[in-house]
Amino acid sequence: MLHIADHQFETAATPPVLTDDELHLWLLERPAGLAPRAMSAFAHAELGRLLGAYAGIAQPPAVGRDPHGKPFALDAQHPHFNLSHGGARIALAFARRHAVGVDVEAAGRQLAPLQLATRFFAAAETRALAAIEDADALHAAFVDLWTCKEAVLKAHGRGLAFGLDRLRFEFDHSRPRALAEIAAEAGPASEWHVARFDAGSAHAGAVAWRGDPLRVRAFHGLGTGG
């Protein structure tokens, strides 16, 4: 599994050219003074700004939704995209020829990892989590796994309705290492690519797509930070 470290993020105000063999990941921070309840509106405004910039136009595109509710730009000149926000972070992913999924979560919230894993995850994943003795490491592993699974499901298009237990990740040193299995209608696990990324203090994130390998370029928007 790819891992995008904080030092690999570039700083940019507007996006560079997005080629067919690239995926662009943007990580933004909630502006100082912006209330949490205003986060969604701010995130969608940033999404519209970036989509317009990728298409070389000033205004955001018209957006539709597929039968499962996943949004897409109605004009084909705009790239595939996905959006997530959690805690103080916004993550956006863009690709020309591949459906993408991204998830960012605040890792500092109170969770009961093993109870949630037993309820929602594959049994082998729950066993791997249960073997982690340190509470902080368990918490971090659970949030990392959740973001990886949700990113894949968002790229697939069904989201959480597909079922978190219908895909399974292998673990390595208390971190998800690779997608090992996924239900047949989502295609072979070998066709899926997942990248974890550093999302700043007390946050975790992942981006996913199915198909050809892509070069992931990661960006912090100007005025944002880790």
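How many positive and how many negative side chains does the protein chain have, and how far apart do the centres of the two sets lie? Before I answer, please keep in mind that what we are looking at is a predicted model. In this model the protein chain carries 22 positive and 25 negative side chains, and the centres of the two sets are 4 Å apart.

Let me turn to the overall fold. The protein chain is built from four helices and 13 strands, and its C-alpha atoms, taken along the principal axes, fill a box of roughly 50 × 40 × 30 Å. For a chain of 226 residues, a compact globule would be expected to have a radius of gyration near 17 Å, and the value computed for this protein chain is 17 Å, which agrees with that expectation. Of those 226 residues, 49% count as buried, while the accessible surface comes to about 10600 Å², with 51% of that area belonging to carbon and sulfur atoms. If we take the contacts between residues at least 6 apart in sequence, 62% of them join residues at least 24 apart.

Now to the aromatic residues, of which the structure holds six pairs. In one of these, the rings of Tyr54 and Phe94 have their centres 4.9 Å apart and their planes at 45 degrees, and since an angle from 30 to 60 degrees is classed that way, the pair is tilted. Tyr54 sits in helix 1, residues 39–55, and Phe94 in strand 7, residues 89–95, so this pair ties together parts of the chain that are 40 residues apart in sequence. Both Tyr54 and Phe94 are buried.

A further tilted pair is formed by Phe121 and Trp146, with 5.9 Å from centre to centre and 45 degrees between the planes. This pair, too, links distant parts of the chain, with Phe121 in the loop between helix 2 (113–120) and helix 3 (123–130) and Trp146 in helix 4 (residues 135–156), 25 residues apart. Phe121 is buried, having a relative accessible area of 5%, and Trp146 also counts as buried, because its relative accessibility of 15% falls under the 20% limit. Looking a little wider, ring pairs link Phe120, Phe121, Phe142 and Trp146 into a cluster.

Which residues does Phe171 contact, once its neighbours within four places in sequence are left aside? They are Glu125, Ala128, Leu129, Ala141, Leu145, Pro176 and Arg177. Phe171 itself lies in strand 9, residues 167–172, and at 21% relative accessibility it counts as partly exposed, because the limit for a buried residue is under 20%. Phe171 and Ala95, which are 76 residues apart in sequence, are 28 Å apart in space, C-alpha to C-alpha.

I would like to finish with Gln8, which is found in the loop between strand 1 (2–4) and strand 2 (9–12). With a relative accessible area of 41%, Gln8 is partly exposed. Not counting residues up to four places away in sequence, Gln8 touches His3 and Ala218. What separation do we find between the C-alpha atoms of Gln8 and Phe219, given that these residues are 211 apart along the chain? The C-alpha atoms of Gln8 and Phe219 are separated by 8.4 Å.

Notes: Residues are numbered from 1 along each chain as its sequence is written. This is a predicted model: local features need pLDDT of at least 70, side-chain atom pairs count only at pLDDT 80 or more; totals for chains, interfaces and linings use all residues. Side-chain values use heavy atoms; hydrogens and water are left out. Helices (H or I, at least four residues) and strands (E, at least two) are DSSP runs, numbered from the N terminus. The radius of gyration is taken over C-alpha atoms; the globule rule is 2.2 Å times the number of residues to the power 0.38. Buried means under 20% relative accessible area, exposed over 50%, partly exposed in between (1.4 Å probe, protein chains only). Contact means heavy atoms within 4.5 Å. Accessible areas come from the Shrake-Rupley method with a 1.4 Å probe; for residues, only the protein chains shown count as cover. Lys and Arg count as positive and Asp and Glu as negative; His and the chain ends are not counted. The place of a charge is taken as NZ of Lys, CZ of Arg, CG of Asp or CD of Glu. Rings of Phe, Tyr and Trp (its six-membered ring) pair if their centres lie within 6.5 Å; planes under 30 degrees apart count as stacked, over 60 as edge-to-face and the rest as tilted.
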